[in-house]
Amino acid sequence: MKIETIAIHAGNHADNNTGAVIQPITTSTTFIREQGEYPGGYIYSRASNPNRTSLENVLTKLEGGADAAAFSSGNAAGMAVFQSLKPGSHIIAPDDMYHGLRNLLKNVFAGILEFDFIDVNDPTILQDHIKPNTVLIWLETPSNPLLKITDIKQAVAIAKQHQLLVVCDNTFATPLCQQPLALGANLVMHSATKYFGGHSDIMGGALITADKNDWWQKIRQVQEMGGAIPSPQDCYMLVRSIKTLPYRMKGHVQNAQLLAEFLEKHPKVERVMYPGLATHPQHAIAAQQMQSFGGMLSFCVKGGADKAAKVVNALKLFTQATSLGGVESLIEHRAMIEGPDTQTPKNLLRVSVGLENIDDLIEDISLAINTI
């Protein structure tokens, strides 16, 4: 099946008892046991639930994987990966890693795991940071918020030389724009809160594996025993939202490209970070490994942080808020969100381009920029 068909059908299980076309929400925490067996295949909802099974099935098929595990948030999914590693293991992560996961490593796993945040796009630097206890390379492409692009095949080739695992955060791209497993990654991570949810009203996270190996079983064990799982209602809503994901992404990508092109020509904009622009430093890599360039962009306003803040506060259609991937356009002064140790330029604005009419979005941002 093509990906649009997968999105609609792979997460739905019609109810044979009632004939309901759409799978109902199963809120039961426990399930009937008969003579030592569980005829329905379910024991306890922390371990598995019909709605979570359906969600994990569609996620698996969308990413072309062997299995998926759903979590209560993207950070919970990332934490499950870190918890699956032996104490003392070394992780290589990008210098532009999403700050939530970066802080998770620094504040929760410090003293348990070792980690280096480096430019993973430079193969020499990447090779130089591999240690005897290195077990995993974490990739995030496009990155948050600088929209850096990592050559996934190149990173995988280096990892294989040293028998390392590769995890790729595919949140910005979604499987509609990029499929890291097909490029050799072992595991894909998503904050399902974002484009999978698509309406800024569901929290969730996901891991999709290329192989059901021992490492994956350990992650599954963390999921079941730790219990950081989405509710049946959240799973139902995510499955429902995923049905429109392919068509929503087409709109996000088209609007982002047009907005990026407008901003790139604006005299009060210092630079625009969007992989669909020919001026992007890794545009050629993005064009090779991505089917389309996503709905996220960042741009730097000339004049520094104060000017950037003024632009944000003058906007009418763009909502100033954290998160991304909803149908509404969001914008934020990213350095303020990330805190004092941020590496993000102080004049950078990150934009989640929504599905409003692009002419309205361009007019709104043009009027705001012209106030500075």
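Student: How many nonpolar, polar and charged residues does the lining of the largest cavity hold?

Tutor: Good place to start, and keep in mind that this is a predicted model. Around the largest cavity stand D95, D96, M97, H99, R102, N103, L146, E338, D341, T342, Q343 and T344. M97 and L146 are among these residues, and sorting the lining by class gives two nonpolar, five polar and five charged.

Student: Which helix gives the largest share of that lining, in the largest cavity?

Tutor: H99, R102 and N103 are among the lining residues. The largest share amounts to three residues, and these come from the helix spanning residues 99-108, namely α4.

Student: Where does the largest cavity lie with respect to domain 1 and domain 2?

Tutor: The protein is divided into domain 1 (3-240) and domain 2 (246-371). The lining includes D95 and L146, and also E338 and T344. Since both domains give residues to the lining, the largest cavity lies between domain 1 and domain 2.

Student: How far apart are the C-alpha centres of domain 1 and domain 2, and how many residues does each give to the contact?

Tutor: Let's take the distance, then the contact. The C-alpha centres of the two domains are 26 Å apart. Domain 1 takes part in the contact with 35 residues, and domain 2 with 37 residues.

Student: What is the volume of the second largest cavity?

Tutor: Two cavities of 30 Å³ or more are counted in this model. The largest has a volume of about 140 Å³. For the second largest, the volume is about 50 Å³.

Student: Which residues line the second largest cavity?

Tutor: By class, this lining has two nonpolar, three polar and five charged residues. D95 and D96 also line the largest cavity. The full list for the second largest cavity is P94, D95, D96, D119, V120, N121, E140, S143, K148 and T150.

Student: In the open sheet of seven strands, which strands stand at the edges?

Tutor: The order in this sheet is β1-β7-β6-β5-β4-β2-β3, with mixed pairing. Two of the strands have a single partner each, so one side of each is left without a neighbour: these are β1 (67-71) and β3 (114-118). From one strand to the next, the sheet twists by an average of 20 degrees. To name the edge strands once more, they are β1 and β3.

Student: What is the bridge partner of W138 in β5?

Tutor: Strand β4 covers residues 134-140 and strand β5 covers residues 165-169. These two run parallel and are paired over five bridges. In β5, W138 has as its bridge partner V167.

Student: What angle does the direction of helix α2 make with that of β1?

Tutor: Helix α2 (residues 50-63) packs on the sheet, where it touches β1, β6 (187-191) and β7 (205-209). Comparing the direction of α2 with that of β1 gives about 125 degrees.

Student: Which strands stand at the edges of the open sheet of five strands?

Tutor: The strands of this sheet follow the order β8-β9-β12-β11-β10, and the pairing is mixed. One side of each edge strand lacks a neighbour in the sheet because each has a single partner, and the two strands in question are β8 (269-273) and β10 (319-320).

Student: Which residue in β12 stands opposite F299?

Tutor: Strand β9 (residues 296-301) and strand β12 (residues 348-352) run antiparallel and are joined by five bridges. Helix α12 (residues 305-314) lies across both of them, as well as β10 and β11 (330-333), and runs at about 155 degrees to β11. Opposite F299, in β12, stands L349.

Student: In which loop is P142 found?

Tutor: Most peptide bonds are trans. The bond from T141 to P142, however, is cis, with omega near -10 degrees, and the bond from N144 to P145 is cis too, with omega near 10 degrees. P145 lies in the loop between β4 and α6, and P142 is likewise found in the loop between β4 and α6 (152-161).

How values were computed: Residues are numbered from 1 along each chain as its sequence is written. This is a predicted model: local features need pLDDT of at least 70, side-chain atom pairs count only at pLDDT 80 or more; totals for chains, interfaces and linings use all residues. Side-chain values use heavy atoms; hydrogens and water are left out. Two strands pair if DSSP finds at least two bridges between them. Helices (H or I, at least four residues) and strands (E, at least two) are DSSP runs, numbered from the N terminus. Contact means heavy atoms within 4.5 Å. Axes are lines fitted to C-alpha atoms, for helices over the stretch in contact, and angles run from 0 to 180 degrees between N-to-C directions. On a 1 Å grid over the protein atoms alone, a cavity is a set of points where a 1.4 Å probe fits but cannot get out, and a pocket is an open set with protein on both sides within 12 Å along at least five of seven lines; lining residues have an atom within 4 Å of a point. Grid points are joined across faces, edges and corners, and a volume is the space filled by probe spheres set on the points. Ala, Val, Leu, Ile, Met, Phe, Trp, Tyr, Cys and Pro count as nonpolar, Asp, Glu, Lys and Arg as charged, and the others, Gly among them, as polar. Domain bounds come from an automatic or database domain assignment.
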